[in-house]
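Student: Please take me through one part of this model closely. I would like to see how the helices and the core fit together.

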Amino acid sequence: MTLFRRFGLPERLLAILLLVAGVDFAANTLLFDRASRFALREDDAARVAEHLVIASRAIERTTSVDRARVARDLSTPRFAFEWRAKGRRASGSVALAGMREQILDVATELDRADLQLHLKSMGASGNIVGSVQLSDRSVLQFETYASNAWTLNAGRIATLLLPTLVLVVLAWVLFRATLAPLGTLVRATRKVGAGPPVAVAEQGTEEVRELIRAFNAMQQRIHQSMTDRTQSMLAIGHDLRTPIARMQLRLENTGLDSETMGDMTGDLSEMRHMLESLQAFVETGGSQLKADRLDVAVMTQTLVDTAADEGRDATFHGLESLEIIARPVSLRRALSNLLENALHYAGSVRVTVSRDGDTAQIAFDDDGPGIPEDRLDDVLQPFVRLDTARSRDTPGMGLGLPIVHRAVTLEGGTLQLRNNKDGGLCVLVRIPCAIG
Amino acid sequence: MEHMQSPSIVLVEDDGPLRTLTARALRENGYTVRTAATGAEMWVALEGEPADLVVLDIMLPGTSGIELFRRLRRQSDVPIIFVSARGSEEDRVLGLELGADDYVAKPFSTRELVARIGAVLRRGNSNGSDSAGDSGQRSGDIHFEGWTVSMARRELHSPSGAMVDLTGAEFDLLATFMGQPQRVLGRERLIELSRTRLGDSSDRSVDVLVSRLRRKLSAAGGNAPIVTVRGVGYMFRAEVNRA
């Protein structure tokens, strides 16, 4: 059953066709063919019986000197006789027992003549040879054709199966052609949500066209709902900015003690930071900005220098110049996020820019606690935070790495996180280099 | 341009309470402020008497912010700081392309806004006194030895066309060098210029900034066009073309 489930639609249809053809073949063989075969056999038997009776009577009445000549005279191209005074006779073959019975039904006198039949081993297919014993124990041999119905040989099976085989090949080709639009549909389904919807061309049978129409409509609805969601997230972000700006300015006029002021300013700046990361996350997916040639080594080094100037432990190693094609804004934000992450969780970071064939590599190594192996994939999911709610001390909404992931993917690159053997996390960004 | 009285600012902001709060904060910092809720009100405010600077919220209702921006740029050279409620990079790049002098994302603190206004006003003043033309300095591209510097976007592109990131301080230093090519600049003067332009005192030594800038200008091969004049300072030896 599992094997059957593994079959594709064309295979199943073909199996059904084969089953139908098989049943048809069996029915033909067993019913129709059998009936016609009986008719043919009876004709054959009667013909053989008549010839044999006439020939044996004629030869019986001839002197033994003339018998060989008379036997030759009685021969026709389709029924040859040969008389011998004596000789060894091959015993009849079991396969032709049925025919023998039928011949004897027609001509009972041949029973006494000890009729023996067998198939001619070589030469013309389906020919029957046989012999009868005359009253003086001389032997009359004969050779005649028999209808194909007597023998169900391989050639005959092939002849009967040939139309079925042609039918199967034709059916296979037609099934594949009919089902091809489904393959297109499957490929299109895999891409839904990964970009603006591309309508699948309507083709194939009416049912398949119906399916494609439904799919295209569904694609539009999904895209619309994703766009709506993006727009509402951006709108929320946008609308919150004005009240936060008012709070910020009002706070400056309250004359609160400096500690409360500092705390509230911190709260407002965290809210601002959250809005920025939310916006960055939403916008990185569908950035309107074009990709440009840029020097990723200089970009990385500039970020490291800026962090180092702020008194933080960031060092830069590797290439001084490496050009790639990328969207500068989102890439800069991605690299900055990785730098900030490492500095936040580990307190120090070593950034190395290198080139591996046609790929630019930017590695961020730290000596921090790393990420539990079973959470390495989770941290790329939006709104996932590794620190529990109680120990939460990281600003933002758990969008830092998802933003990086989106930005790097947008440039056709990859983001790898792995724990170093001697502790610490290594984050590796790989982006294709500029050609030339 | 003389500045006997306090600089005059036109503030365009559609949110009433925020407009009041911002105007008050700016007045407390010594600026004369006229406010406008719409583009039409802005034109009225500008016709009455000239302003030293316009603070413009780009997502105004009515006339699209961008259209308003273009018209303002066409009709006047007044420095513009635009406030983006969306705070997106697209907005920032668009604003600077349209000829804004600086950009502030909402929400902002008074300190941040005042620092930006101060820096833009100082830049405008020093441009007036420098030999470099002010409009060219603000928005045009400057070329040297195949490199391109976009003053509007504050970007540096290498001879191969790749964007080369600079920190704000590094860009200001490069701008200073390009403003005085083939002239020896003393270290003290560079420190002073950098500080003015940054609007923020920096204890980073000019020598570190110069060496970083040199490294970036020579990273893709070739020699950096900044030479050390022993005991005096530095000289930008490349020929500078303004396009």
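Tutor: We will look at the helix packing in chain A, then the cores, then the side of chain B that touches chain A. Keep in mind that this is a predicted model.

Start with a pair of helices. Two packed helices are described by the angle between their axes and the distance between the axes. Helix H9 of chain A covers residues 296-309. Helix H10 of chain A covers residues 328-345. H9(A) and H10(A) pack at an angle of about 40°, and their axes are 10 Å apart. An angle from 35 to 65 degrees counts as oblique. H9(A) and H10(A) are therefore oblique to each other. The crossing of H9(A) past H10(A) is right-handed.

Which residues make this contact? On H9(A), look for Met299(A), Thr300(A), Leu303(A), Val304(A) and Ala307(A). On H10(A), look for Arg332(A), Leu335(A), Ser336(A), Leu339(A) and Leu343(A). By class, the contact of H9(A) with H10(A) has seven nonpolar, two polar and one charged residues.

Now follow H10(A) to another partner. Helix H11 of chain A covers residues 400-410. H10(A) and H11(A) pack at an angle of about 140°, with axes 9 Å apart. Their crossing is left-handed. From H10(A), the residues that meet H11(A) include Leu331(A), Ala334(A) and Leu338(A). From H11(A), they include Ile403(A), Val404(A) and Ala407(A). This contact of H10(A) with H11(A) has eight nonpolar, four polar and one charged residues.

Next, the cores. In soluble globular proteins, nonpolar side chains tend to be buried together. The largest nonpolar core here has 66 residues. Within this core, Val296(A), Leu339(A) and Leu174(B) touch the most other members. H9(A) gives the most to this core, with seven residues. Leu339(A) also takes part in the contact between H9(A) and H10(A).

Apart from this core lies another, of 36 residues. Among its members are Leu249(A), Leu18(B), Leu56(B) and Ala100(B).

Look again at Leu174(B). Leaving aside neighbours within four places in sequence, Leu174(B) is in contact with Val149(B), Leu156(B), Leu166(B) and Leu213(B).

Finally, the two chains. In chain B, 32 residues are in contact with 32 residues of chain A. Helices H1 (16-28), H4 (89-97) and H9 (206-218) and strand E9 (163-164) of chain B each supply at least two residues to the side of chain B that touches chain A. H1(B) gives the most to that side, with five residues. By class, the side of chain B that touches chain A divides into 13 nonpolar, nine polar and ten charged residues.

Conventions:
Residues numbered from 1 in each chain as written. Chains lettered and ligands numbered in written order. Predicted model: local features only at pLDDT ≥ 70, side-chain atom pairs only at ≥ 80, totals over all residues. Contact = placed C-beta atoms within 7 Å. Helix = DSSP H or I, 4+ residues; strand = E, 2+ residues; numbered from the N terminus. Nonpolar A, V, L, I, M, F, W, Y, C, P; charged D, E, K, R; others polar. Core = buried A, V, L, I, M, F, W, Y, C linked by C-beta atoms within 7 Å. Buried ≥ 20, exposed ≤ 12 C-beta atoms within 10 Å, placed from the backbone. Axes fitted to C-alpha atoms, helices over the stretch in contact; angles between N-to-C directions. Parallel < 35°, antiparallel > 145°, perpendicular 65-115°, else oblique. Left-handed = near helix turned anticlockwise from the far one by under 90°.
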